[in-house]
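Here are a few notes to read with the structure open beside you. I have grouped them by topic, so feel free to jump around.

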Amino acid sequence: MKLKHIFAMTAVAASLTLAGCGGDINITPTVNDTSTTDNSVGDNSNNVTNNNGGGNNAVEVVCASYTTDAGTVEGVAAGNDCLYNDSFASANISITSNITFEELPDGGVHVFEKALQIGADGDTSTGFTIPANGPTMTVKPGATLAFKSGEAIIRIARGAKIQAVGTLEKPIAFTSAYAFDRFDDVGNGAKYADWGGIIINGNGITDQCTDAQRTGGTCNVPSEGIPSFFGGNDNTDSSGSIKYAKIWYAGSGPREGGGGDDLNSLTLNAVGAGSSFEYIHIHQGFDDGVEIFGGAADLAYIAVTDTQDDSFDLDAGWQGDAHHLFVMHGSVTLADGTVAHMGNGGFEADGLKGSSDADTRGGFVPSIKDVTIITTDELSVRDGPADGSSSMGFKFDDYFNASFDNVLVVKQNDNAAVASSCITHSTDGEKQADKITFVNSTLACDSDAEFAEAQFGASAGGTLAGTAKTAWFDNGGNTRIGSTSDVLATNGFSTNTSSTAKNANTTGALADTDTSSNWYKWVEAAYTAAKAD
């Protein structure tokens, strides 16, 4: 089916016709010369009031605005939508004052053609000073921000913040403009890589810089996606909060004007522990769901469905923790009828980005608990079949360390044409495998697909060299059942607490008895949306 109706507009919004919408809508935002007044709000003269039936039910369409030395720059209201072209936001514009995106009436959408960059960016080794109190991008509950190209990336600079806090009833959406019929001129609907995703650059610690650079204030790691820098020496730094938010159809691949980067739906570059990321649903991303380069940001209540590459990619000396993570790989049917198999690793766990001599973790071992990973038996369209990258639970690499508790991995392995496994280690991933532990966990994987390698190699950490990987996993009192058995409830996403095959202490990301919690409802909605593809 076409992937265009999950974010379907309401009947009222659908009835609106935008003048000249046979192609891109090119409306230049107005700059109001308010230089002699307080520009913190602006006069919003381009906003409109829609009566929608008369009487006293008029609802104002409030487009976002921000201030510059020239005055206030505003989006343009078109029906219930707000349009922002490259005069408002682009790779050449950094917004340095606060900006707010309101929920728009009757399914209205904030639509961007290009990049939305919040905060000034620069290289501190060439004289740039990171603002101590940069601008904040606020997104109100129920607001939808939609993007029209792979160039359209949200970038939050060091010193700036994002405050995108929705509610269970009114989640925030960051999505493709092509999920809405009125912006989908071709008619193919939304799909992965329609836009660039969210990149947050923080002042935290990453092993991509030296000690001297961090202490000297000259840690400037180039970010993927758009020219900008991240890194510092403060793992308590705050880049804001994202909560009750959906990030769909993101992770641009090759982009206009060049090859570009393979981008993630949410990239946390050296983001500090003062930030918060909870109740996020990432769907149909092109590269990773969440990729973390250093820092100490925690993750909680995150669902990742049908992302092409890895759902969680942890790298560059990350010093955070995570709990309640739900991963489901699957397949999506594109507009031309072809089927794309989605999902490589549930986790790609890369401990270090630099050399082992640059290990910044100081003995810190992340705690990752309450996890469900539901794999498929297919090759991911993202990397396979050229390199044989199949859907799997964990890929351990680059001196990774972590303590895993209450993890459920499910794999049927009924596709004989695909070499598949639940857990694999690279040679570097084995070197500190003695610092990777599992407890209270269950591998519900076909016995031929539990481990890609039968035993640890000669360079494995501790005393693991030559040890069978089954013995390594079993050592934590975990359970391997050699099949998917009945570990999932009939709803397909929660753990069947009545199953006697699984470890008695394994409930994974959520139990079938927890139907009233916000987390259960969040995952249920994510599962339903993914299955609609």
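1. Let me begin with the largest nonpolar core, bearing in mind that this is a predicted model. The core has 80 residues, and the ones that touch the most other members are Met137, Phe174, Leu266 and Ile368. Among the elements, strand β32 (residues 402-411) gives the most to this core, contributing four residues.

2. Met137 deserves a look of its own. Setting aside neighbours within four places in sequence, methionine 137 is in contact with Ile99, Phe101, Leu116, Ile118, Leu145, Ile154, Ile156, Ile162 and Phe174, and also with Lys161 and Gln163. Phe174, one of these partners, is also listed with Met137 among the core members that touch the most others.

3. There is also a second core, separate from the one above, with 18 residues. Its members include Ala300, Ala303, Phe493 and Val523.

4. Next, the sheet. Ten strands form an open sheet with parallel pairing, in the order β8-β11-β14-β17-β21-β23-β25-β29-β31-β33. Its edge strands, β8 (94-95) and β33 (423-425), each pair on one side only.

5. For a closer view of one pairing within the sheet, try β29 (residues 345-350) and β31 (residues 392-397), which run parallel and share five bridges. Here alanine 349 stands opposite phenylalanine 396 of β31.

6. On to charged pairs: the model has 15 salt bridges. One of them joins lysine 411 to aspartate 377, with the closest N and O atoms 3.9 Å apart. This pair links distant parts of the chain, 34 residues apart: lysine 411 lies in strand β32, and aspartate 377 in the loop between β30 (367-374) and β31. Both lysine 411 and aspartate 377 are buried.

7. Glutamate 453 and lysine 469 form another salt bridge, and their closest N and O atoms are 2.6 Å apart. Again distant parts of the chain are linked, with the two positions 16 residues apart: glutamate 453 is in the loop between β35 (442-445) and α4 (469-474), while lysine 469 belongs to helix α4. Is lysine 469 buried or exposed? Lysine 469 counts as buried because its relative accessibility is 0%.

8. Arginine 480 and aspartate 474 make a further salt bridge, the closest N and O atoms being 2.8 Å apart. Arginine 480 has a relative accessible area of 30%, so it is partly exposed. Aspartate 474 is likewise partly exposed, with a relative accessible area of 30%.

9. One last item to check on screen: Asp310, Glu348 and Lys395 are joined into one network by salt bridges that share partners.

Conventions: Residues are numbered from 1 along each chain as its sequence is written. This is a predicted model: local features need pLDDT of at least 70, side-chain atom pairs count only at pLDDT 80 or more; totals for chains, interfaces and linings use all residues. Side-chain values use heavy atoms; hydrogens and water are left out. A nonpolar core is a set of buried Ala, Val, Leu, Ile, Met, Phe, Trp, Tyr and Cys residues joined through side-chain atoms within 4.5 Å. Buried means under 20% relative accessible area, exposed over 50%, partly exposed in between (1.4 Å probe, protein chains only). Contact means heavy atoms within 4.5 Å. Two strands pair if DSSP finds at least two bridges between them. A salt bridge is a side-chain nitrogen of Lys or Arg within 4 Å of a carboxyl oxygen of Asp or Glu.
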